[in-house]
Amino acid sequence: MKQIWKELWNDVLSAVYPNLRCVFCDAEALYCDEGICETCLHTLPFITGEVCAKCGMPIAHHGEVCLECKHKTYSFDYARAVALFTEQTAKPIHDLKYKHCAFVAEKLGALMATYYEKFLEGSVQPLVIPVPLFAEREKERGYNQSELLAKAFCKVLGLEMRTDIVERVKDTPTQTHLNKKERAKNLEKAFRVTNANVVKGRDIFIIDDVFTTGATTNALAQQMRKCKPKSIGVFTFLKVPLGNKEQILQ
Ligand SMILES: [Zn+2]
Ligand SMILES: [Zn+2]
């Protein structure tokens, strides 16, 4: 009986004060701006060591690129992520995208800001641009999850975010039936820069929720590169490790 009451009380708490719970495991995480409990903070696969200079994948030695990036060129200069994709780290992203839990973005954005200060220190004041969603999709969901992440991220760090620089002119739904080349081609004209002057000479920081193959952010960076920015970085909450990609794309 006691257990039932506890569960009920927890449900009520979560509904009324979702901010008090850990966004990864639902445990109590009181007084924590980033919404993460002590256990998750110490057990989840946060990326803290040496990473591939191109894609941000954890690697053994400094200054190397990972196996996948050895023969790859990207239109962005570097990509970094806070954590590796696992069932548990993906939970808040899933809640954000498919369960209308918009408040989660504030927590994850704050986590991204903490991570940025700790591991990406030295970056100049970048202009933050969230990956835009196709208008119809944003209407369906009610918001663009990347924009919410970027907003929370910028709020903590006092950085400038712009959503009027680039738009998504083509919807690119699940591309599982396409091979790598076809996917890239399909994405090629998905974005259009509408405010090129603002990009020129700036350090651009693209924010997205998950870095899977990098195809989406790369397509966006490709368009932005034409406007001659000083640099383009990509920052996501999650990075999908090599072996998991096919699974995630479905
Ligand atoms: Zn937790
Ligand atoms: Zn790499």
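Helices (H or I, at least four residues) and strands (E, at least two) are DSSP runs, numbered from the N terminus. This is a predicted model, in which local features need pLDDT of at least 70 and side-chain atom pairs count only at pLDDT 80 or more, while totals for chains, interfaces and linings use all residues. Residues are numbered from 1 along each chain as its sequence is written, and chains are lettered from A and ligands numbered from 1 in the order in which they are written.

**Exercise 1.** Place K180 in its helix and decide whether K180 counts as buried or exposed.

Solution. K180 belongs to helix α7, which spans residues 180-188. A residue is buried if 20 or more other C-beta atoms (placed from the backbone) lie within 10 Å of its own, exposed if 12 or fewer, and partly exposed in between. Because K180 has 10 C-beta neighbours inside 10 Å, K180 is exposed.

**Exercise 2.** Identify which element gives the largest share of the largest nonpolar core.

Solution. A nonpolar core is a set of buried Ala, Val, Leu, Ile, Met, Phe, Trp, Tyr and Cys residues joined through C-beta atoms within 7 Å. The largest such core has 58 residues, and F153 is among the members that touch the most others. The largest share, 9 residues, comes from α4.

**Exercise 3.** Find the sense in which β1 and β7 pair.

Solution. Two strands pair if DSSP finds at least two bridges between them. For β1 and β7 there are 6 bridges, in the parallel sense, and A83 stands opposite L238 in β7. Of the 7 residues in β1, 5 are buried.
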